[in-house]
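Reader: Got a minute to go through this one with me? I'd like to take it piece by piece.

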Amino acid sequence: MVMTANKTEDNIQPALPYKRVMLKMSGEVLMGPQEFGLHADTVQRVAQDIKEVVDLGVEVCVVVGAGNIFRGVSGAATGMDRTTADYMGMLGIVINALALQNALENLEVQTRVQSGIRMDSICEPYIRRKAMRHMQKGRVVIFAAGTGNPYFTSDTAGALRASEMDCDAIFKGSKVDGVYSADPEKDPSAVRFDRISYIDVLTKDLRVMDATAISLARENNIPIIIFSVKEKGNFAQVVQSRGSYTIVTNK
Ligand code: GTP
């Protein structure tokens with residue numbers, strides 16, 4: 001008999017399609033119903049969602065944005081020097097990463113925060129091989145401070161770290177449950193794609209992630225799964241290929 005399952009003592013579970021995944025979330029997710037900042041219950045709920053995936057035996061790393069604290073692009077739009085604004089955004093990401101680390105540790109999930117900009121009193125510096133070892137030991141690695149460089153978004157940081165970590169997929173936690181032909185909040189006739197190619201996302205300007213992130217994922221052949229991170233427990237469902245989502249691949 002061909003076994004396509006992970007056998008445990010008491011039960012046989014279907015094999016999971018992903019061994020190591022990147023969760024990319026915007027900072028706005030962490031503000032919950034608030035206008036800005038961190039909403040404690042939402043941060044804890046997101047941590048619980050991550051724990052469920054870790055408990056499935058999947059290695060998880062996380063990249064968050066900082067839109068709930070400071071947006072580099074809007075800072076630049078108000079006349080601030082773009083580089084300074086981007087560094088402020090990266091510091092916002094560190095705040096979000098520490099909040100998420102704290103929430104995960106409340107649930108007794110082992111975590112490590114690694115920053116793309118050195119701030120050794122606060123967290124580890126980004127060291128690829130160390131991050132890999134942490135994940136192999138079942139720790140959730142939260143990558144902070146984006147790529148550590150201005151002019152790059154946290155989406156790009158997500159695609160970059162996912163490539164460096166050999167992730168099997170990028171899970172992009174969004175407000176909606178996938179990629180639609182039009183904005184589903186404005187156009188009731190909008191339809192959700194089950195599967196779409198990187199090229200279509202780029203040429204149709206579907207704004208799943210920014211173009212640099214999509215190109216990087218494409219070059220490294222890492223599927224991007226867009227799902228709603230607003231629903232409790234949805235991350236674990238989608239990791240098991242259940243529920244509604246859109247998968248972006250080469251075909
Ligand atoms: P292994 O020994 O490989 O299992 O990993 P480890 O992370 O447990 O070992 P390490 O001794 O490197 O780290 C122990 C603790 O110190 C962990 O909580 C790390 O996150 C933390 N740590 C390690 N390096 C740094 C650093 O440069 N800055 C800060 N702030 N913490 C660090």
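Reader: Where is M80?

Author: This is a predicted model. In it, M80 sits in the loop between α2 (72–77) and α3 (82–106).

Reader: And is M80 buried or exposed?

Author: Neither; M80 has a relative accessible area of 30%, so it counts as partly exposed. Buried would need under 20%, exposed over 50%.

Reader: How far apart are M80 and T156?

Author: In sequence, 76 residues; in space, 22 Å from C-alpha to C-alpha.

Reader: Switching to charges. How many salt bridges are there in the whole structure?

Author: A search turns up 16 salt bridges. One of them pairs R20 with E59, with 2.7 Å between the closest N and O atoms. R20 belongs to strand β3 and E59 to strand β4 (residues 59–64), so this pair ties together parts 39 residues apart in sequence.

Reader: Are R20 and E59 buried or exposed?

Author: Both R20 and E59 are buried.

Reader: Which residues are linked with them in a network?

Author: K19 is the other member: K19, R20 and E59 are linked in a network of salt bridges.

Reader: What about D49, which residue does it form a salt bridge with?

Author: With R45, at 2.6 Å between the closest N and O atoms. D49 and R45 are four residues apart in helix α1, so about one helical turn separates them. Both residues of this pair, D49 and R45, are buried.

Reader: Where do R161 and E164 lie?

Author: Both are in helix α5 (residues 154–164), three residues apart, which is about one turn of the helix. Their side chains meet in a salt bridge, 2.8 Å from N to O.

Reader: R161 first, buried or exposed?

Author: R161 is buried, because its relative accessibility is 5%. E164 has a relative accessible area of 21%, so E164 is partly exposed. The cut-off for buried is under 20%.

Reader: Backbone next. What is the phi of A145?

Author: About 65 degrees, a positive value although A145 is not a glycine. Most residues other than glycine have a negative phi.

Reader: Where does A145 lie, and is it buried or exposed?

Author: A145 is in the loop between β7 (140–144) and α5. With a relative accessible area of 0%, A145 is buried.

Reader: And what is phi for Y151?

Author: Near 70 degrees, again positive in a residue other than glycine. Y151 is also placed in the loop between β7 and α5. At 53% relative accessibility, Y151 counts as exposed, whereas A145 is buried.

Reader: Pockets, then. What is the volume of the second largest pocket?

Author: About 180 Å³. Its lining includes V201, L202, D205, R207, M209 and I214.

Reader: Which helices each supply at least two residues of that lining?

Author: α6 (198–203) and α7 (211–219).

Reader: How does the lining split by class?

Author: Seven residues are nonpolar, three are charged and no polar residue is present.

Reader: Last topic, the surface. Which residues make the nonpolar patch of about 220 Å²?

Author: That patch is made by L38, I69 and I95.

Reader: Where is L38 found?

Author: L38 is in the loop between β3 (20–25) and α1 (40–55). Its relative accessibility is 32%, so L38 counts as partly exposed. Patch members need over 30% relative accessible area, and L38 at 32% fits that.

Conventions
Residues are numbered from 1 along each chain as its sequence is written. This is a predicted model: local features need pLDDT of at least 70, side-chain atom pairs count only at pLDDT 80 or more; totals for chains, interfaces and linings use all residues. Side-chain values use heavy atoms; hydrogens and water are left out. Patches are made of residues with over 30% relative accessible area and no salt bridge: like charges are joined within 9 Å, nonpolar side chains (Val, Leu, Ile, Met, Phe, Trp, Tyr) within 5 Å. Accessible areas come from the Shrake-Rupley method with a 1.4 Å probe; for residues, only the protein chains shown count as cover. A salt bridge is a side-chain nitrogen of Lys or Arg within 4 Å of a carboxyl oxygen of Asp or Glu. Buried means under 20% relative accessible area, exposed over 50%, partly exposed in between (1.4 Å probe, protein chains only). On a 1 Å grid over the protein atoms alone, a cavity is a set of points where a 1.4 Å probe fits but cannot get out, and a pocket is an open set with protein on both sides within 12 Å along at least five of seven lines; lining residues have an atom within 4 Å of a point. Grid points are joined across faces, edges and corners, and a volume is the space filled by probe spheres set on the points. Ala, Val, Leu, Ile, Met, Phe, Trp, Tyr, Cys and Pro count as nonpolar, Asp, Glu, Lys and Arg as charged, and the others, Gly among them, as polar.
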